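The exercises below concern charged side chains and how far they are open to solvent. Please work through each task before reading the solution that follows.

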Amino acid sequence: QDIRTSDHRPVRAVFDIATSYFSPPMQSTAIYSIKLLGIQVVLDGNTDGIPPLTPFTQPRLKLYGNFLEGNAESQPSTKVAENKIEWLRSELPQIVPFVTQKTILEGSHLHISIVDFKSTSLGQATILLGNVMKAQDNQPGQDVDSSNQMQTEGYTVDLTLRGQRVGSMTLHAEGIQGTQS
């Protein structure tokens, strides 16, 4: 039989999908931004594929988001233990959103990848900014105290590597309302 003819009817389908569409406001609104205060990563026992953590690993964060001006990268962490990594505020990049509407930022996701000095993946996490902003509502502007311990509660999500949970990531951040645009 000729491959150009068929006794089958065309197949059709309709799908409902959610999309992110940024529509900048036409009138002035308050400007919001996100300030990172600290990030901690704690690894579980399931760390197959992750090289041993030492200060020589030089773990750093790569941050991605559809609300960012560009991708951001942290400084290497100076607080690395066998199963724990911490980034202090001074080691974290500035997040520069091109969208500054609170409702859009609250619905956006921040994708964070941890890499070593060879850019080998140590894990990744995705954080909904709305959850971070809500977790910080009662404690705005707090940072680390003199013992370098976080003052804010933070927001914790799973850290995964190749689809498997390998630990947890806690993000300490705040949403900041600026002036009118």
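A residue is called buried when its relative accessible area is under 20%, exposed when that area is over 50%, and partly exposed in between. The model used here is a predicted one.

**Exercise 1.** Classify Lys84 by its accessibility, and then do the same for its salt-bridge partner Glu86.

Solution. Begin with the pair itself, in which Lys84 forms a salt bridge with Glu86 and the closest N and O atoms are 3.5 Å apart; this falls within the 4 Å that the criterion allows. Lys84 has a relative accessibility of 34%, and therefore counts as partly exposed. Glu86, at 9%, is under the 20% limit and so counts as buried.

**Exercise 2.** Find which parts of the chain are tied together by the salt bridge between Asp44 and Arg165, and state how accessible the two residues are.

Solution. The side chains of Asp44 and Arg165 meet with an N to O distance of 2.0 Å. Because Asp44 lies in the loop between β1 and β2 while Arg165 belongs to strand β9, the bridge ties together parts that are 121 residues apart in sequence. Asp44 is partly exposed at 32%, and Arg165 is likewise partly exposed at 36%. As a last step, note that Asp44 and Arg165 are linked with Asp158 in a network of salt bridges.

**Exercise 3.** Describe the salt bridge between Glu73 and Arg60.

Solution. The closest N and O atoms of Glu73 and Arg60 are 2.5 Å apart. This pair links strand β3, which holds Glu73, to strand β2, which holds Arg60, across 13 residues. Glu73 is partly exposed at 39%, whereas Arg60, at 13%, counts as buried.

Terms used:
Residues numbered from 1 in each chain as written. Predicted model: local features only at pLDDT ≥ 70, side-chain atom pairs only at ≥ 80, totals over all residues. Heavy atoms only, no water. Helix = DSSP H or I, 4+ residues; strand = E, 2+ residues; numbered from the N terminus. Buried < 20%, exposed > 50% of the residue type's maximum accessible area, 1.4 Å probe, protein only.
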